[in-house]
Amino acid sequence: MITTSEILETIDMISQQHLDIRTITMGISLRDCGHPEVRVCCDRIYDKITGAARDLVRIGEDIEREFGIPIVNKRVSVTPIAIACESCETEDYVPFAEAMDRAAREIGVNFIGGFSALVQKGFTVGDERLLRSIPEALRATERVCSSVNVGSTRAGINMDAVALMGKIVKRTADLTGGQGCAKLVIFCNAVEDNPFMAGAFHGVGEPECVINVGVSGPGVVHNALKRCAGRPLNEAAEIIKKTAFRVTRMGELVAQEASARLGVPFGIVDLSLAPTPAVGDSVADILEELGLESVGAPGTTAALALLNDAVKKGGVMASSNVGGLSGAFIPVSEDAGMIRAAAAGKLTIEKLEAMTCVCSVGLDMIALPGDTSAETVSAIIADEAAIGMINQKTTAVRVIPVPGKTVGDFVDFGGLLGRAPVMAVNPASPAAFIERGGRIPAPLNSLKN
Amino acid sequence: MKAIVTVIGKDTVGIIANVCSILAQNGVNVLDISQTVMREYFTMIMLVDTAGCRVDFAELADILKKDGAEHGLDIRIQREDIFEAMHRI
């Protein structure tokens with residue numbers, strides 16, 4: 001029998017510390033949806049998604065009520081559209097995004113990921129068409145998320161794609177007032193089973209249909225750490241590990257249940273400390289609990305390294321299949337503590353870049369001045385991709401050059417996407433470097449110093 | 001199916017009787033009860049069996065939640081599995 005204190009601890013985690021299942025994401029293959037005619041292709045996409053995910057939201061809500069644990073989002077990821085729709089005889093891929101959007105609306109999911117292309121080594125015809133359709137696709141749709149993988153440890157970095165993505169990010173910002181950029185991620189070493197938006201897509205090595213679950217809980221970790229204030233860091237790591245274990249066990253239970261009820265194979269649990277703008281649901285608070293006056297202070301990278309590693313260690317044993325990004329997310333606009341530090345000038349883009357060397361993703365949800373050049377955006381992407389490529393990890397860039405805004409202004413993205421202060425960017429120009437294009441060759445994997 | 005009912009809130013007369021009668025009306029069998037009052041806060045935990053429950057689980061959860069709100073209490077019912085998963089290897 002479970003003890004009273006264990007039951008009350010769980011209730012407290014859910015009701016006071018924001019413990020939740022962040023997302024149940026159904027991955028759906030669209031590889032059988034290709035057709036030369038646009039209309040047929042769109043119909044196939046719509047029918048496939050609405051057929052496979054018809055019960056996703058209802059079953060998610062049933063599980064939520066039975067276990068008494070909030071499941072914040074139910075989402076869908078699909079095969080990268082550049083692959084699924086390549087045989088279609090059209091230059092314009094916006095109708096495919098619109099078909100995804102309609103399907104998402106019909107089944108009641110708030111985001112659908114997979115308006116994506118994998119171009120780490122070069123472009124196919126479909127890749128290039130998709131990339132050029134991104135700004136208009138993000139303007140014309142509400143729920144579609146887009147991602148592009150521009151580099152990998154095995155392939156190096158496609159600098160032509162990096163140069164193009166700088167322009168695409170800028171164009172998307174201009175067309176959408178910045179909002180569209182919150183749904184556009186540029187990756188290096190993208191993972192195929194990530195359940196978290198905006199970077200989720202259903203990878204080519206994945207089965208026909210799969211259930212991936214993302215669990216969260218920065219508030220739970222923060223609260224647990226309060227019990228060891230001032231103690232050596234190895235003790236803090238141990239507490240984080242144990243907490244991550246419990247949280248992931250819950251994710252595993254929900255994932256298995258959802259998989260069984262939907263009749264869809266279980267893929268992975270992604271244990272990521274994903275903050276929300278709510279007070280008490282912040283990764284920055286955890287770093288500050290470890291002893292930093294503010295996130296961004298010297299020591300932040302070390303504290304984040306400890307946190308990220310301990311989360312993985314706890315999570316790995318708790319689930320039969322851990323995957324996705326698994327670690328700590330540091331999106332500025334979605335984390336009350338990060339917003340506070342950035343607004344006070346204590347957290348800079350340069351420090352965030354250093355932090356991405358040791359955490360699970362990259363420069364995430366950062367508002368930039370509206371006059372930031374396309375080349376500078378490209379160069380920021382290149383820097384992040386280089387960190388991912390050399391360190392054999394996933395890195396990503398989701399930045400928003402907000403039209404008409406300058407350093408110190410605040411931008412509100414609404415809901416889970418939060419709000420952010422516009423951050424300063426180094427004014428020196430990388431234009432000539434970006435204009436070179438070509439590829440950065442794949443790195444050596446020995447002689448590591 | 002076994003489930004855990006938790007009742008947390010300010011102590012008043014008749015909390016246990018009220019929750020037990022809701023459970024009985026809906027065909028839910030109570031297997032174990034533990035109850036304590038900590039700093040004026042009433043905390044009750046019940047292990048119940050919902051095998052004979054006449055309404056579906058979500059509806060029962062709503063009935064309890066609504067009744068709790070009327071009496072200033074937080075009443076939850078959750079499947080036992082979630083506590084097992086989090087606290088036992």
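1. How many helices and strands are there in chain B? Chain B has 3 helices and 4 strands. If you trace chain B from its N terminus, you will meet the elements in the order β-α-β-β-α-β-α.

2. Please keep in mind as you look around that this is a predicted model. For the complex, the predictor gives an ipTM of 0.86 and a pTM of 0.92. Chain B has an average pLDDT of 91, and 100% of its residues score at least 70.

3. Next, the overall form of chain B. Its radius of gyration is 13 Å, which agrees with the value near 12 Å that a compact globule of 89 residues would have. Along the principal axes, the C-alpha atoms of chain B fill a box of roughly 35 × 30 × 20 Å.

4. The inside of chain B can be described in two ways. Of its 89 residues, 29% count as buried. Looking at contacts in chain B between residues at least 6 apart in sequence, 65% join residues at least 24 apart.

5. Turning to chain A, a good element to pick out is helix H2, which covers residues 38–52. This helix of chain A has 15 residues, and from its first C-alpha to its last it reaches 21 Å, close to the 21 Å expected at 1.5 Å a residue.

6. Which residues of H2(A) are buried? They are A:Cys41, A:Cys42, A:Ile45, A:Lys48, A:Ile49 and A:Ala52. These residues lie on the same side of H2(A), because they cover an arc of only 135 degrees around the axis. A:Arg39 and A:Gly51, on the other side of H2(A), are exposed.

7. What covers the buried residues of H2(A)? The cover includes both strands and a helix of chain A: strand E1 (21–28), strand E2 (71–78), helix H5 (94–107) and strand E7 (209–215). It may help to display these elements together with H2(A).

8. Finally, have a look at where the two chains meet. Here 17 residues of chain A are in contact with 18 residues of chain B. On the side of chain A that touches chain B, helix H1 (4–16), helix H3 (56–67) and helix H9 (233–262) of chain A each supply at least two residues. The largest share of that side comes from H1(A), with 6 residues. Sorted by class, the side of chain A that touches chain B has 8 nonpolar, 3 polar and 6 charged residues.

Technical notes
Residues numbered from 1 in each chain as written. Chains lettered and ligands numbered in written order. Predicted model: local features only at pLDDT ≥ 70, side-chain atom pairs only at ≥ 80, totals over all residues. pLDDT = per-residue confidence, 0-100. Rg over C-alpha atoms; globule rule 2.2 N^0.38 Å. Buried ≥ 20, exposed ≤ 12 C-beta atoms within 10 Å, placed from the backbone. Contact = placed C-beta atoms within 7 Å. Expected span 1.5 Å × (residues − 1). Arc of directions from axis to C-beta. Nonpolar A, V, L, I, M, F, W, Y, C, P; charged D, E, K, R; others polar.
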